[in-house]
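Open the model in a viewer and keep the sequence panel visible. The tour below goes from one selection to the next and says what is there.

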Amino acid sequence: MKNEMEIIFDALSDNEGFARTAVAAFIAHLNPTLEEMADIKTAVSEAVTNSIIHGYENLYGYGRPGREAGVCSEETGPARPGRRANPGKVHLRCALENEILHIEVADSGKGIEDVERAMEPLYTTKPELERSGMGFAFMEAFMDDLEVESAPGKGTKVRMIKKIGVGGWIGHQC
C-alpha cells in the first residue's frame with residue numbers, strides 16, 4: 001500500500017520544526033525506533049534549513065550580527081520593517097511504500113552551482129552565520145539514500161530514502 005502527503009510552506013526558519021513534526025506524524029503508525037525517528041527528523045531539518053538559508057537566503061531567524069534578521073539589505077532591496085528577504089516556498093513531499101519512506105524537499109531558490117562540492121563535509125557558503133557545512137553529510141549518514149538535483153537559478157531538490165524497521169529486512173526474500 002502506498003500513502004503520500006505534500007506540504008508547501010513559507011521559507012521561514014520557524015517552519016523547520018513544523019516540517020520535522022509533520023514527517024514524524026506521517027510515519028508514526030509504523031512505530032519507528034527512537035533512533036530512526038531522530039535520524040529522519042534530523043535529515044528533514046537539514047534539508048529544509050538548506051532551502052531556507054541557502055536556496056532563498058532568507059536569514060530570518062538566522063540573523064547576521066549587527067543586522068535585523070529577515071529585513072532587506074543592500075543585497076535584497078530597500079529596508080522596510082517586517083519585509084522578508086525572500087518569501088519563497090519550500091515543498092515537502094513524503095511517500096510510504098510498505099516500510100520505505102521517500103522524502104523530497106524542494107525549493108525554487110538560487111540553486112547550487114557545484115553540487116559535488118556542496119556535499120563535501122565542512123563546506124559552507126555561509127561561514128558568517130557559523131554554519132558547519134555538515135548538512136548534506138548528516139543527511140547522507142542518517143538516511144539510506146540521498147540524491148541532490150540542482151541548477152543555478154532553478155532551485156534544488158533533495159530526495160532521501162529511509163527503510164523503517166530495518167530488522168525486518170534481514171533475511172527478507174522478495
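What covers the buried residues of α4? The model is a predicted one, and the cover in it includes α2, α3 (115-118), β4 (145-151) and β5 (155-163). To see this, select the buried residues of α4, which are Gly135, Phe136, Ala137 and Met139, and then show the elements just named.

**The whole chain**

Zoom out and colour by secondary structure. The chain has four helices and five strands. Followed along the sequence, these elements come in the pattern β-α-α-β-β-α-α-β-β. Of the 174 residues in the chain, 44% are buried. Among contacts between residues at least 6 apart in sequence, 63% join residues at least 24 apart.

**Along α4**

Go back to helix α4 (residues 135-142) and select Phe138 and Phe142, which both lie in this helix. They are four residues apart, about one turn of the helix. An α-helix has 3.6 residues a turn, so residues three or four places apart point the same way. The ring centres of Phe138 and Phe142 are 5.9 Å apart and the planes are at 15°, so this pair is stacked. Are these two rings in the buried or the exposed range? Phe138 is partly exposed because its relative accessible area, 31%, falls between the cut-offs of 20% and 50%. Phe142, at 25% relative accessibility, also counts as partly exposed.

**A second aromatic pair**

The count of aromatic pairs comes to two. For the other one, select Phe9 and Phe18. Their rings are edge-to-face, with 6.0 Å centre to centre and 90° between the planes. Phe9 counts as buried, at 6% relative accessibility, whereas Phe18 counts as partly exposed, at 41%.

**Two packed helices**

Next select helix α1 (residues 15-27) and helix α2 (residues 34-55). They pack at an angle of about 145°, and their axes are 9 Å apart. The crossing of α1 and α2 is right-handed.

Show side chains at the contact. On the α1 side, the residues are Glu16, Ala19, Arg20, Val23, Ala24 and Ile27. On the α2 side, they are Met37, Ile40, Lys41, Thr42, Val44, Ser45, Val48 and Thr49. Sorted by kind, the residues of this contact are eight nonpolar, three polar and three charged.

Now move to the loop between α1 and α2, where Asn31 is placed. Its phi is near 50°, a positive value in a residue other than glycine. Asn31 is exposed because its relative accessible area, 65%, is over 50%.

**The nonpolar core**

In soluble globular proteins, nonpolar side chains tend to be buried together. Which residues have the most contacts inside the largest nonpolar core? They are Val23, Ile40, Leu92, Leu101, Ile103 and Met160. This core has 37 residues, and α2 gives the most to it, with eight residues.

Select Met160 and show its surroundings. Leaving out residues up to four places away in sequence, Met160 touches Ala43, Val44, Ala47, Leu101, His102, Ile103, Met139, Met143, Asp145 and Leu146.

**From Met160 to Asp145**

One of those contacts, Asp145, lies in strand β4. Apart from neighbours within four places in sequence, Asp145 is in contact with Arg159, Met160 and Ile161. Measure the distance between the C-alpha atoms of Asp145 and Ile161 in the viewer: they are separated by 5.0 Å, though 16 residues apart along the chain. Asp145 counts as partly exposed, at 40% relative accessibility.

**Back to α2: Asn50**

Select Asn50, which lies in helix α2. Is Asn50 buried or exposed? At 18% relative accessibility, Asn50 counts as buried because the value is under 20%. Setting aside residues up to four places away in sequence, Asn50 touches Gly55, Phe136 and Met139. Phe136 and Met139 are among the buried residues of α4, where the tour began.

**Last stop: Asn98**

Finally, select Asn98, in the loop between β2 (89-97) and β3 (100-107). Asn98 is not a glycine, yet its phi is positive, at about 60°. Asn98 is exposed, with a relative accessible area of 54%.

How values were computed:
Residues numbered from 1 in each chain as written. Predicted model: local features only at pLDDT ≥ 70, side-chain atom pairs only at ≥ 80, totals over all residues. Heavy atoms only, no water. Axes fitted to C-alpha atoms, helices over the stretch in contact; angles between N-to-C directions. Left-handed = near helix turned anticlockwise from the far one by under 90°. Contact = heavy atoms within 4.5 Å. Nonpolar A, V, L, I, M, F, W, Y, C, P; charged D, E, K, R; others polar. Phe/Tyr/Trp six-rings, centres within 6.5 Å; stacked < 30°, edge-to-face > 60°. Buried < 20%, exposed > 50% of the residue type's maximum accessible area, 1.4 Å probe, protein only. Core = buried A, V, L, I, M, F, W, Y, C linked by side-chain atoms within 4.5 Å.
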